[in-house]
Structures are given as C-alpha cells and as structure tokens.
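Subject: Structure for your review

Dear colleague,

Please find below the sequence and structure that I am handing over to you. My notes on what was found follow.

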Amino acid sequence: MIRIRTYLLCLSVVCLSWVRGVEAEQLPQYAPQDHLGVATCASGVCHGSVRAREATAVSQNEYVIWSRRDRHRAAYNTLLTDQSKSIAKNLGLKNAHEADMCLDCHADNVAVENRGERFQIDDGVGCEACHGGSETYISTHVDDAATHASNIEDGLYPSDDPRARAKLCLSCHLGTSEKMANHNIMGAGHPRISFELDTFNWLQPAHYNLDEDYRAEKWAGSSLELWTIGQVEAARQTLGLIKDRLNNASLFPELALFDCHACHHSMSDQRWAAGGSSLPPGSVRLNDANFVMLFSIANVVDQNLEQALRQSLAKLHKVVNKGQNIDAAISQFQQRLDELDVKITNGSIKNHADALVKVIIEKSGRSKMLDYGSAEQALMAVDMLLSSTGMRQDYAAWLDKAYDTLSDENAFDSGRFTRVMRSFKG
Ligand code: HEC
Ligand code: HEC
Ligand code: HEC
Ligand code: HEC
C-alpha cells in the first residue's frame, strides 16, 4: 500500500513538475534581457518583407502583418484617444500614455534600463512584448544552425508552447499580481476585458504558417487542445489573483474579481431568488466565468473530478463571503486543477469533441446562475467545437441567434440565453 502510494506520489510530482515547467519562464516584460525595439526586427531582409517568402523557414512578413492588421500595434495609440484621456482624468493621472498603470498592458513597458537604442514605447505591444527581449538571441537566431530549441535557450519566449502562450496572453488579457484592469480602472471607464485562448488566437491575425516545417519544430496541436489548456491556465491565474488581491485586501477586496452584475443591477431584479444561489441573500458572488468550463472538461475525462471541482468552487464562494480560510480553499482548488491538468496533457481530449459540445450545451441550457461572462465562455467554446469538427456552417444561423443574446452586456437576459441553448438541435 505504502509503496503504491509513494509511487503515485512520485508519479504525480513528476507529472506536475512537467505540467508546471513553464512557470519557470519569465514573462518578457520582467525577464533580464534588453528589448532592442521593433525597428530591429522590421528590416526588409528580416521580418519586414512585404510578401511572404517561400524559401525561408519563416515567411519574414511578420512585421507587415503586425503593423497593418494587428490591434497590438495600436495599443499605445489607444492611450491617446479621448476615451483614455477621460479614464486618466477620472483616475487623477497626468495622462494615460505616460502612466505605468496603462503602459504595462498597452505597450512593451520594460524597465528603462532594459530599453535598447532603437526601442520606442509608442510601438505599442511590439514583437519583444511577446517574443522576449532580443538582446541575447538577435545575432544567433539567424545562424543556419539555429533551431527553435536553441533560440529558446538563448532567451526567445516559448510562445508556441500552449501553456507559456496562455500565461503570456493572460498577463494582459486577465491580469497578474503586478498589473490588472482593476475596479478603479473599470470605474473610470475602461471596457470590460474577456479572453479565451483559442478564439483570441484566431482573432489576432496570424503571422505564422502552421505548415509542415512549423509542425516539425513547434507545438501545433488542435484548437480543442489549445482551448482546454487556455481554460486550465485562466482558472489557475484567476485563483492566483484571488489569493493575491482578495486575501491580502485592506478594507475592500478587489471588486473586479466579483461578478460585475452581482452589484450592478436594479434593486427590483430578484436575481438571488431566481438564481438558486447557495449563498445567503445579499452576498456578492465571485466572478467564476473562468471556472465554469472546467466542469465540462472534467465531465468528459473524469466525472468524480468534476464533482470535486464543483465542491471546491462552492467552498471558495462560501469562504470568500465569510472572509475565512480562503488560502486553504484556494490550495484545495489548485490541487484539483492540477489533477485535471495531468489528465488533459496526453492530448486525449481530442477524442471527446462530440461529448464536450453536448455537455456544454446541456449544462448551459439548464444553468440558473449563468452570468454574462460564463455565457460568453460557453458560447465561444461551442463555436470552437463546431468549427473544429467542421460543422460550423450548418449551425451558422443558430450561432448568430446565440451571439445576439450577448450583444449588450447591460441588457443580458440569462433566460433568453438558456432558451437559445436548449433550441440547439443535433
Ligand atoms: C503586453 C500586453 C499584451 C499581451 C502580452 C497580449 N495582448 Fe492582446 N491586446 C493587448 C491590448 C492592450 C489590446 C487592446 C489594443 C487596443 O485596442 O488598444 C489587445 C488586443 C488583442 C486582440 C484584439 C481584441 C479585439 O477586441 O479586437 C486580440 C485578438 C488579442 N489581443 C490577442 C492576444 C493573444 C492571442 C495574445 C497572446 C499570444 C495576446 N493578445 C497578448 C495587450 C496584450
Ligand atoms: C491588465 C491589462 C490592462 C491594463 C492595466 C489597462 N488596459 Fe486598457 N485594455 C486592455 C485590453 C486587453 C484591452 C482590449 C479588450 C478587448 O477588446 O478584449 C483594452 C482596451 C482598452 C481601451 C479600448 C480600446 C478600443 O479599441 O476600444 C481603452 C480606451 C483602454 N484600454 C485604455 C486604458 C487606459 C487609459 C489604461 C490605464 C488607466 C488601461 N487601458 C489599462 C488591457 C489593459
Ligand atoms: C501578441 C503577441 C505577439 C506579438 C506582438 C508578436 N508575435 Fe510573433 N508570434 C506570436 C505567436 C503566438 C506566434 C505563434 C507561436 C510561435 O510560433 O512561437 C508567433 C510566431 C512568430 C514567428 C514564427 C513564425 C513561424 O512561421 O514559425 C515569428 C518569426 C514572429 N512571430 C515574429 C514576430 C515579429 C517580427 C513581431 C513584431 C513585428 C511579432 N512576432 C509580434 C505572438 C506575437
Ligand atoms: C461589490 C460590488 C461591486 C462589484 C462586484 C463591481 N462593482 Fe462596479 N461599482 C461598485 C460601486 C459601489 C461603485 C460606485 C458607484 C457609485 O458611485 O454610484 C461602482 C462603480 C462602477 C463604475 C462607475 C459607474 C459610476 O456610476 O460611476 C463602473 C463602470 C463599474 N463599477 C464597473 C464594474 C465592472 C466592469 C465590474 C466587474 C468587473 C464591477 N464594476 C464590479 C460596486 C461593484
């Protein structure tokens, strides 16, 4: 018995350290290398070719795609708009485009001593904000002998690795202990932020080709795998934020971690009574949009684990409201999340695409507490699954109807959403 347990323990430690390997990676903004600036990457013979090249391993037109079509190029310019001026004024900032609070996500805001001669903050979210400071790989990555692995050893951020990619995107599209679009920033007029790794991966115009060369050297798994890993990483990062920003709070915890509409609704709405919440009336619910998809994932790989995860979430809601034993509840949740992560690392989730659509549709068709963020996650998941099984065309009209229920967050009617989900045929 003891031997079996020791073996299992070792096994899980090995698995977990593998799963967590990327946590050792430092995000580009905080790693020690200098950032030499977009201009360094952009020459016509490097990544600034107007046409895609065939003869080389990468197309070399990455700069052109980014500068013409990628929202990240405009992220700094956004800080100069009237909306940003008004946000800055509400927050008492001199302006938005010089405030770290904004630049941390809207630009490649590395420490001043890590900026090379050609670095320009107004390039917005530039190449090195995602690929890492190029000081240590700029000269070696063009060697004939260079491989993706050797580039990573030289300091290139492993953005092809789905976990490392999720961590990178989520650092700005969800937040970290260092930076967050918190309730002050939201209250000042910042739009709500939502994210799903696979959807956003496709929304950002790709400046890479998933061709044979690419697949041979880099991670090139399916949408479904990317989505699954994105869900697990978003949950992990949300738990980290709750731990940092809620448990160590002064008078008020960080309100952006709660369901916005738990507070922002009319007093005549009977949300609590209608919702079947397990919390006492008048409680503020955590925003659990980054957790609800875990149940569907667990449902198709291990139903006992689904139950365990549900219990962890219920407990988290409860202890957060009481303000007691939050750390213990978070650790338990994290442990179960790690178990789920181990179960999905073998890629077997691919065999469960049909079951997943069914489970997600079925669960969101009967959920009473479905808030806007959770509904949005459910629909993005269904869209991804229909696309990746080649059935999107057949359901285009249904998807339009479903997206229509999400068109205005302030007018979101969960009853209408669940009715559309129940009308899904197939
Ligand atoms: C350094 C911060 C940062 C990182 C890292 C980052 N983003 Fe962004 N992203 C932003 C900001 C800021 C915007 C909004 C830009 C604007 O409109 O001003 C944005 C916008 C986007 C948009 C456009 C959204 C829309 O509503 O049109 C997509 C898609 C996107 N990001 C995907 C990604 C993906 C995928 C990753 C990871 C590979 C990623 N981002 C990494 C900061 C970041
Ligand atoms: C944690 C990262 C983060 C921080 C901090 C942050 N933003 Fe943003 N901001 C984003 C992302 C991501 C988006 C894009 C949201 C989307 O479309 O999905 C965005 C969008 C915006 C938009 C809307 C852009 C558009 O195209 O409609 C404005 C305006 C804006 N941010 C201004 C600011 C200002 C001003 C600050 C500082 C007070 C700030 N942001 C701080 C991440 C951040
Ligand atoms: C918001 C994050 C982000 C930004 C900004 C960004 N990239 Fe990328 N880039 C990615 C991701 C994600 C991939 C796909 C995963 C990978 O291959 O590492 C990628 C892939 C690449 C590749 C590999 C192409 C291939 O076919 O193997 C090159 C080269 C590249 N980017 C260059 C650039 C350059 C040059 C810039 C700036 C002009 C830039 N990237 C800006 C996220 C980004
Ligand atoms: C615990 C309750 C609570 C939660 C949860 C909450 N808010 Fe608020 N919010 C408030 C309060 C209180 C104010 C100040 C309202 C006032 O002065 O009238 C406020 C103000 C705002 C304002 C400014 C509106 C105004 O009238 O000045 C915006 C915008 C806002 N919140 C957005 C959000 C978003 C987005 C979320 C979710 C990410 C959220 N809030 C979550 C309680 C909450």
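Which residues coordinate the iron atom of ligand 4? They are His-183 and His-264, each through NE2, at 2.0 Å. Please bear in mind throughout that this is a predicted model. The two residues link distant parts of the chain: His-183 belongs to helix H10 (residues 183–187), whereas His-264 sits in the loop between helix H14 (260–263) and helix H15 (271–275), 81 residues apart. The arrangement around the iron atom of ligand 4 is octahedral, because its six donor atoms subtend angles of 87 to 179°. As to accessibility, His-183 is partly exposed, with a relative accessible area of 31%. His-264 is exposed, at 53%, and the cut-off for that class is over 50%.

Ligand 1

The iron atom of ligand 1 has His-72 and His-173 as its protein donors, again through NE2 atoms, which lie 2.0 to 2.1 Å from the iron. His-72 is found in the loop between helix H3 (62–69) and helix H4 (75–78), and His-173 in helix H9 (residues 162–173), so this pair ties together parts of the chain that are 101 residues apart in sequence. Why is this site called octahedral? The reason is that the six donor atoms around the iron atom of ligand 1 subtend angles of 85 to 178°. Both histidines fall in the intermediate accessibility class: His-72 is partly exposed at 22% relative accessibility, and His-173 is partly exposed with a relative accessible area of 24%.

Ligand 3

For ligand 3, the iron atom is coordinated by His-131 (NE2) and His-207 (NE2), at 2.0 Å. His-131 lies in helix H7 and His-207 in the loop between helix H11 (197–203) and helix H12 (212–217); the pair therefore ties together parts that are 76 residues apart in sequence. Here the six donor atoms subtend angles of 86 to 179°, which makes the arrangement octahedral. His-131 is partly exposed, with a relative accessible area of 27%.

The surroundings of ligand 3 comprise 20 residues, of which Cys-127, Cys-130, His-131, Ser-159 and His-207 come nearest. Both iron-coordinating histidines also appear among the polar contacts. An N or O atom in the side chain of His-131 is 2.8 Å from a nitrogen atom of ligand 3, and for the side chain of His-207 the corresponding distance to a nitrogen atom of the ligand is 2.7 Å. In addition, a polar side-chain atom of Tyr-214 lies 2.8 Å from an oxygen atom of ligand 3. The elements that give two or more residues to this shell are H3 and helix H7 (127–131). By residue class, the shell around ligand 3 divides into eight nonpolar, eight polar and four charged residues.

Ligand 2

Which residues are the closest to ligand 2? Of the 20 residues that surround it, these are Arg-71, Cys-102, Cys-105, His-106 and His-190. A polar side-chain atom of Arg-71 lies 2.9 Å from an oxygen atom of ligand 2. Two histidine side chains approach nitrogen atoms of the ligand: an N or O atom of His-106 is 2.8 Å from such an atom, and one of His-190 is 2.7 Å from such an atom. Helix H5 (82–91), helix H6 (100–106) and H9 each supply at least two residues of the shell around ligand 2. This shell divides into 13 nonpolar residues, six polar ones and one charged one.

Backbone

Two residues deserve a note for their backbone angles. Most residues other than glycine have a negative phi. Gln-60, however, has a positive phi, near 70°. Gln-60 is located in the loop between helix H2 (38–41) and H3. Is Gln-60 buried or exposed? At 9% relative accessibility Gln-60 counts as buried, because the class takes in residues under 20%.

Asn-325 likewise has a positive phi, near 55°. Its place is in the loop between helix H17 (303–322) and helix H18 (326–344). Asn-325 is exposed, with a relative accessible area of 60%.

With kind regards

Methods:
Residues numbered from 1 in each chain as written. Chains lettered and ligands numbered in written order. Predicted model: local features only at pLDDT ≥ 70, side-chain atom pairs only at ≥ 80, totals over all residues. Heavy atoms only, no water. Donors = N, O, S within 2.8 Å, 3.2 Å for Na, K, Ca; no water. Tetrahedral: all angles 85-135°; square planar, octahedral: opposite > 155°, others 65-115°. Helix = DSSP H or I, 4+ residues; strand = E, 2+ residues; numbered from the N terminus. Buried < 20%, exposed > 50% of the residue type's maximum accessible area, 1.4 Å probe, protein only. Near = heavy atom within 4 Å. Polar contact = N/O pair within 3.5 Å; in protein donor to acceptor, adjacent residues only side chain to side chain. Nonpolar A, V, L, I, M, F, W, Y, C, P; charged D, E, K, R; others polar.
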